[in-house]
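Biologist: I would like to learn how to read a structure feature by feature. Can you take me through one?

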Amino acid sequence: MRFGVIVFPGSNCDHDCYHVAKHVMGQDTEYIWHKETEAGLSRYDCIIVPGGFSYGDYLRPGAIARFSPVMRSIIEYANSGGYVIGICNGFQTLTEAGLLPGALMRNRDLMFICKDVYLKVENSFTPFTSEYTVGEVIRIPIAHHDGNYFADDETLKNLEENKQILFRYASHTGDVSDEFNPNGSAMNIAGICNEAGNVAGMMPHPERCSEKALGNIDGKSVFNSIIKKFK
Amino acid sequence: MKVKVYVTLKNGILDPQGKAVHHSLESIGFADVKEVRQGKLFELTFKDGISKKIAGQKAAKIAETILANTVMENFKVVVE
C-alpha cells in the first residue's frame, strides 16, 4: 500500500512517520508538500498528517495549516472515504478542518508535557486499531502543550455512543481516572475517529514507538492495523 | 477603517491562563478581582472604500472562519 505524509512549514514529525511507514513497515511512502494540489491524493491508501508546529502554532495549533492548499484535497479525500490519521499537530489540524469533532485546548496545567503515558484501547474495530484488543493498555509518548481535548456535552455523548473514542489516558492497569489525565482532556480522551471511521486523530505519538531498537513498539499496531486493511 | 475583533473562550470552559493571572493578582496585592478570563484582540484595518456596515460583516465572517475556533470560542466585532 502507499502512505502519504503531509508536510506543512513547521511540521517536524514527518520524518519519523515516513521512516516507520517506509523503512520499518516496508510500505511505499511519499512526502506531500502542503502546496501540492495538482496530482490529487487518489494514489495514496492512507494519508498521515504528522506532528510538529505547523506555522509555528500561530493563532492556534493547526488553525493556519487548516487553510493550506493541500487541506482541500485532504478534505475531499476523506469525504470520499480515504483513510486519514492525524498525529498530535495533525490531530489539531483535523479538528480545525472539521474532519474530526471537538478541539484541542491549552493543557490544563499550562505546561508542555513530554513523557510516556499509558493509554487504554477503547475500540479495536477501526482500521487504525484493529491490531489492538479492547481494554489493552499501551505505553506511548506524548509531547504537547495543547492536548486538552474539548467538545460540548452532546458531542461527547455521541462520541461515546458511536464508539468513536479510540484511546483514553489511563494508569498502567487501565484505570481511566483524573489522576492519569495529563492534560485535562474531557473523558481522558487521547484519540478519536469520525463517525464513518475513516479519519482518526490522536495526541500521542505512535511513530515514536514502532521500532524495537527504540525500546518500545506499542505504537506499531496503529501502522499494522492500517496495513492489514489493504492486504 | 478599523474593526476590532475580540475572541474569548466560551463561558464554562476552563481557562487555566486566566486562572494563573488571577492567582498572580492576589499575590501582588490586588484582592478585589473575582475572576480573570484571558482572550485575544485582533485589529483589522480594512482598505479604503469599504463602508462600516460591510467592514463589520466581513470582520464577522473572518472571525467565524479563522480568528475564532467556534467549538470553544466566542467573538465580538466592534467597528470604530
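Modeller: We will go through the aromatic pairs, the charges over rings, the cysteines, the cavity and one buried strand residue. Keep in mind that this is a predicted model.

Biologist: Start with the rings. How many aromatic pairs are there over all chains?

Modeller: The count comes to 5. One of them joins A:Y18 and A:Y31.

Biologist: How do I read the geometry of that pair, A:Y18 with A:Y31?

Modeller: Look at two values, the centre distance and the angle between planes. Planes under 30 degrees apart count as stacked. Here the centres are 4.3 Å apart and the planes differ by 10 degrees, so the pair is stacked.

Biologist: Which parts of chain A does the pair tie together?

Modeller: A:Y18 belongs to helix α1, residues 14-24, and A:Y31 to strand β2, residues 28-33. The pair therefore links parts that lie 13 residues apart in sequence.

Biologist: Is A:Y18 buried or exposed?

Modeller: A:Y18 is buried, at 17% relative accessible area. A:Y31 is partly exposed, at 31%.

Biologist: And what kind of pair do A:Y83 and A:F230 make?

Modeller: Their ring centres are 5.6 Å apart and their planes meet at 85 degrees, so this pair is edge-to-face. A:Y83 sits in strand β4, residues 83-87, while A:F230 is in the segment after α5. That pair bridges 147 residues of sequence. A:Y83 is buried at 18%, and A:F230 is partly exposed at 31%.

Biologist: Which residues form one aromatic cluster with A:Y83?

Modeller: A:F128 and A:F230 join A:Y83 in that cluster.

Biologist: Rings can also face charges. Which residue lies over the face of A:Y44?

Modeller: A:R43 does, at 5.7 Å from the ring centre. Chain B offers another case: the charged end of B:K76 sits over the ring of B:Y6, 5.9 Å from its centre.

Biologist: Now the cysteines. How many disulfides are found over all chains?

Modeller: The search finds 0. Check the sulfur distances: a disulfide needs two cysteine sulfur atoms within 2.5 Å. For A:C17, the nearest cysteine sulfur is that of A:C13, 6.5 Å away. A:C114 has its closest cysteine sulfur in A:C88, at 9.9 Å, which is too far for a bond.

Biologist: Where do A:C17 and A:C114 stand on accessibility?

Modeller: A:C17 is buried, at 0% relative accessibility. A:C114 is exposed, at 59%.

Biologist: Next, the cavity. How many cavities of 30 Å³ or more are counted?

Modeller: The count is 1. The largest cavity holds about 40 Å³ of space.

Biologist: Which residues line the largest cavity?

Modeller: From chain A come A:P61, A:Q92, A:T95, A:E96, A:A103 and A:L104. B:N69 also lines the cavity. By type, the lining has 3 nonpolar, 3 polar and 1 charged residue.

Biologist: Which elements of chain A each supply at least two residues of that lining?

Modeller: Helix α3 (89-96) and strand β5 (103-105) do. α3(A) gives the most, with 3 residues.

Biologist: Last, the strand residue. Where does A:L166 lie?

Modeller: A:L166 is in strand β9 of chain A, residues 165-170. A:L166 is buried, with a relative accessible area of 1%.

Biologist: How far apart are A:L166 and A:V222 in sequence and in space?

Modeller: They are 56 residues apart in sequence and 11 Å apart in space, C-alpha to C-alpha.

Notes:
Residues numbered from 1 in each chain as written. Chains lettered and ligands numbered in written order. Predicted model: local features only at pLDDT ≥ 70, side-chain atom pairs only at ≥ 80, totals over all residues. Heavy atoms only, no water. 1 Å grid on protein atoms, 1.4 Å probe; cavity = no way out; pocket = protein on both sides within 12 Å on 5 of 7 lines; lining within 4 Å. Points joined across faces, edges and corners; volume = space filled by probe spheres on them. Helix = DSSP H or I, 4+ residues; strand = E, 2+ residues; numbered from the N terminus. Nonpolar A, V, L, I, M, F, W, Y, C, P; charged D, E, K, R; others polar. Phe/Tyr/Trp six-rings, centres within 6.5 Å; stacked < 30°, edge-to-face > 60°. Buried < 20%, exposed > 50% of the residue type's maximum accessible area, 1.4 Å probe, protein only. Lys NZ or Arg CZ within 6 Å of the ring centre and 35° of its normal.
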